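Welcome to this guided tour. Have your viewer open and your selection tool ready, and we will go from stop to stop together.

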Amino acid sequence: MLIIDSKLYITTGDASNQSTPLNKSSVNGKVLRVNLDGTIPSDNPFPNSPVWSYGHRNAQGFVYANNILYSSEHGPSSDDEINIIEKGRNYGWPNVEGLCNDASERAYCNANNVKQPIYVWSPTEAVCGLDYYSDGSIAEWKNSLLLCTLKGSKIIQLKLSADKKTITSGAEFFENDFGRLRDICISPQGKVYVCTSNGNDKLVEITK
């Protein structure tokens, strides 16, 4: 969940039911947007609906930076994704896994206004918490998305382009140092914290 301009944004998974993400009458497999009192904003893309975007499998991390809403999303056995979330857009699942890169996917994407991810992983890393690093304390991380992974048990840095809409490079850090990593947070002072997911969960401050 994330609050932006007095609106609450919520990610929902498909709950292992692939019929729901493309069905705009269902709240599963969506990014939802509601007022803080639970009512539906009048400028949502679909009248009287909390649905902001659809066609998601299992979005996990969420960060708003550079006037852009980024999310990390679990694929099945391939195609974990980083997405830029846009109003009313279709993200393709289950008809599209990752990029629109085979004939049937390209045809569906062209016909259905599908927004492709800006980054994908195959096989999956089980990407989770996501944040944006703008502080200069760790110079090489400046202007990057930072995310943590469960399966990969590491922090991944994704350097953003000048317009903040594409990934120019990636790097990995702390693999298996702390076990499965569930969430990441950057303080106003530029400190980086990760939360583990190992059964004896702890909060770790990252120094580099």
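## Stop 1: Leu32 and its surroundings

Start by selecting Leu32, which you will find in strand E3, residues 30-35. Keep in mind as you look around that this is a predicted model. Is Leu32 buried or exposed? Leu32 has a relative accessible area of 9%, so it is buried.

Now show what surrounds Leu32. Setting aside neighbours within four places in sequence, Leu32 is in contact with Leu8, Tyr9, Ile10, Thr12, Val27, Pro50, Val51 and Trp52. Try a distance label too: from C-alpha to C-alpha, Leu32 and Ser53 are 7.1 Å apart in space, with their positions 21 residues apart in sequence.

## Stop 2: The whole chain

Zoom out and switch to a cartoon view. The chain has one helix and 15 strands. Its radius of gyration is 17 Å, close to the 17 Å that the globule rule gives for 208 residues, so the chain is as compact as a globular protein of that length. Along the principal axes, the C-alpha trace spans about 45 × 40 × 40 Å.

Next, try a surface view. The chain exposes about 9700 Å², and carbon and sulfur atoms supply 46% of that area. Buried residues make up 52% of the 208 residues.

## Stop 3: Rings that meet

Two of the contacts of Leu32, Tyr9 and Trp52, deserve a selection of their own. How are the rings of Tyr9 and Trp52 arranged? They form an edge-to-face aromatic pair, 5.8 Å centre to centre with 85° between the planes. Tyr9 lies in strand E2 (residues 7-11) and Trp52 in strand E4 (residues 51-54), so the pair ties together parts that are 43 residues apart in sequence. Both Tyr9 and Trp52 are buried.

Move on to Tyr119 and Trp121, another edge-to-face pair, with 4.9 Å between centres and 65° between planes. Colour these two by accessibility: Tyr119 is partly exposed at a relative accessible area of 27%, while Trp121 is buried at 8%.

Then select Tyr133, Trp141, Phe173, Phe174 and Phe178 together, since ring pairs link them into a cluster.

## Stop 4: Charges over rings

Show the side chains of Lys24 and Tyr54. The charged end of Lys24 sits over the ring of Tyr54, 4.7 Å from its centre. For another example, select Arg57 and Trp93: Arg57 lies over the face of Trp93, at 5.5 Å from the ring centre.

Stay with Trp93 for a moment and look at its backbone. The peptide bond from Trp93 to Pro94 is cis, with omega near 10°. Pro94 belongs to the loop between strand E7 (80-85) and helix H1 (103-111). You can find another cis peptide bond from Ser122 to Pro123, with omega near -5°; Pro123 is in the loop between strand E8 (119-121) and E9.

## Stop 5: The largest nonpolar core

Which members of the largest nonpolar core touch the most other members? Among its 18 residues, they are Trp141, Val192 and Ile206. Strands E9 (127-133), E10 (144-149), E13 (181-186), E14 (192-196) and E15 (203-206) each supply at least two residues of this core. The largest share, three residues, comes from E13.

Click on Ile206 and display its contacts. Leaving out neighbours within four places in sequence, Ile206 is in contact with Trp141, Ile155, Phe174, Phe178, Val192 and Val194. Another core, of 16 residues, lies apart from this one; Ala65, Tyr70, Trp121 and Ile167 are among its members.

## Stop 6: Leu181 and two backbone turns of phrase

Select Leu181, in strand E13. At 1% relative accessibility, Leu181 counts as buried. Beyond residues up to four places away in sequence, the residues it touches include Cys128, Cys148, Ser153, Val194 and Cys195.

From Leu181, step across to Ser153, in the loop between E10 and strand E11 (155-160). Phi of Ser153 is near 50°, a positive value in a residue other than glycine. Ser153 counts as buried, at 7% relative accessibility.

Where is Asn143? Look in the loop between E9 and E10. Phi of Asn143 is also positive, near 60°, and at 17% relative accessibility Asn143 counts as buried.

Note on methods:
Residues numbered from 1 in each chain as written. Predicted model: local features only at pLDDT ≥ 70, side-chain atom pairs only at ≥ 80, totals over all residues. Heavy atoms only, no water. Core = buried A, V, L, I, M, F, W, Y, C linked by side-chain atoms within 4.5 Å. Buried < 20%, exposed > 50% of the residue type's maximum accessible area, 1.4 Å probe, protein only. Helix = DSSP H or I, 4+ residues; strand = E, 2+ residues; numbered from the N terminus. Contact = heavy atoms within 4.5 Å. Phe/Tyr/Trp six-rings, centres within 6.5 Å; stacked < 30°, edge-to-face > 60°. Lys NZ or Arg CZ within 6 Å of the ring centre and 35° of its normal. Rg over C-alpha atoms; globule rule 2.2 N^0.38 Å. Areas by Shrake-Rupley, 256 points an atom, 1.4 Å probe, with all protein chains shown as cover.
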